[in-house]
Amino acid sequence: MNTDNRFPLLEIRNLTKIYSNIQALNDISLTLERGRIVGLLGPNGSGKTTLIKLIAGLLTPTHGDIFINGYRPGKESKAMISYLPDRTYLNDWMRVMDIIAFFADFYADFSSAKAYDMLSRLQIDPHARLKHLSKGTKEKVQLILVMSRQAHLYLLDEPIGGVDPAARDYILSTIIGNYNPDATVIISTHLISDVERVLDDVVFLAYGKVAMVSSVDDIREKQGKSVDELFREVYRC
Amino acid sequence: MQWQIQGDRPIYIQLLEQIKLGIISGVLPAGSRLPSVRDLAAEAKVNPNTMQKALDELGREGLVFSQRTSGRFITEDRQLLDQLKTELVTQHLEQFLGQMRSIGLTREEVLAIIKDKLSEEEKE
């Protein structure tokens, strides 16, 4: 992997996104380094998915700049980013093995061997058609596709929401064990207590702004609370 | 090894304590080679950087040492291992005595219940 160390992996400057009359993100600035697992946390509607889509290049900013390894979102950045959307986008009639072939064709950094290995660990039949799989199994297939790439930046939007606790454990250890030590993983989720121990840092979003950036152990050390507890306190309804 | 991360204390400290316990109890024998950071992290289901931090601290305390190409090993320094054991025992003992005091037991009562409990366990 060619990593250009002159630039941070991700740099966001004064980013604002307005949907017609709703302000989803309000003047966000954030820099992330390589080799980190970052939790993007916040209540519903705080702007998590909008931020991820902007980084992935699926939305354009209203104001502000995003740089991935020094590139603005575009052809170059998309080759570096492996993105798991918050909903399924694969064609239902396809077989799992066809989708793998499709991905292998599409992404130069995709490893079919890795994908098949993970499928067998999770006991998913490669011959099955997607529409015959349960909701949770479909989510697992999507995550396998995303994690089988050797990307610089993984954007995982709610990767564990729909899967059972055993598979959750496997998925988290896949994220820990699989990714390149120079790559950074951004995980957005509500299930903080499940992911807390795999995270380096957390970014709290609230009302379209960055409310806090901290390392997990700093929160535990300085506040004497787990991230989960702190979240419940900060966002008490 | 069994890993348990819980509560609100820093994760690397909990890892540190559990590796120390593994060393004292012999689950991780003196002189043996530790698995890689990545494998340990995957096993404990924690972030590799957090595991690295725990191992760095163990290194500073002299309990593990790195050999440039072949990985990390647990110290064979008996004196250091004995000292670690004493520290841990003292720590548990102080905690226990503190709890007994807060319940309101006197020294004599504490001694008596310990003797009773031990002879009870002997019979079983």
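Trainee: How many residues of chain A are in contact with chain B, and how many of chain B with chain A?
Mentor: In this predicted model, 23 residues of chain A are in contact (heavy atoms within 4.5 Å) with 20 residues of chain B. Local features here need pLDDT of at least 70 and side-chain atom pairs count only at pLDDT 80 or more, while totals for chains, interfaces and linings use all residues. Residues are numbered from 1 along each chain as its sequence is written, chains are lettered from A in the order in which they are written, and side-chain values use heavy atoms, with hydrogens and water left out.

Trainee: And what area is buried between the two chains?
Mentor: About 1600 Å² is buried between chain A and chain B, with carbon and sulfur atoms giving 46% of that; buried area is the accessible area (1.4 Å probe) that two parts lose on being put together, summed over both. Of the area that chain A buries against chain B, Ile176(A), Arg197(A) and Arg220(A) supply 43%, more than any other three residues.

Trainee: Arg220(A) is in helix 8, so which residues of chain B does that helix meet?
Mentor: Ile11(B), Tyr12(B) and Gln14(B) in helix 1 of chain B are met by Val216(A), Asp217(A), Arg220(A) and Glu221(A) in helix 8 of chain A. By type, the residues of this contact divide into three nonpolar, one polar and three charged, where Ala, Val, Leu, Ile, Met, Phe, Trp, Tyr, Cys and Pro count as nonpolar, Asp, Glu, Lys and Arg as charged, and the others, Gly among them, as polar.

Trainee: At what angle do the axes of those two helices cross?
Mentor: The axes of helix 8 (residues 216–223) of chain A and helix 1 (residues 11–25) of chain B cross at roughly 90° and come within 8 Å. Helices are DSSP runs of H or I with at least four residues, and axes are lines fitted to C-alpha atoms over the stretch in contact, with angles from 0 to 180 degrees between N-to-C directions. The two helices are therefore roughly perpendicular to each other, a term that covers 65 to 115 degrees.

Trainee: Changing topic, what is the phi of Asn14(A)?
Mentor: Phi of Asn14(A) is near 45°, which is positive in a residue other than glycine. Asn14(A) lies in strand 1 (residues 10–19) of chain A, a strand being a DSSP run of E with at least two residues.

Trainee: Buried or exposed, or in between?
Mentor: Asn14(A) is partly exposed, with a relative accessible area of 41%; buried means under 20%, exposed over 50%, and partly exposed in between (1.4 Å probe, protein chains only).

Note on methods:
Parallel < 35°, antiparallel > 145°, perpendicular 65-115°, else oblique.
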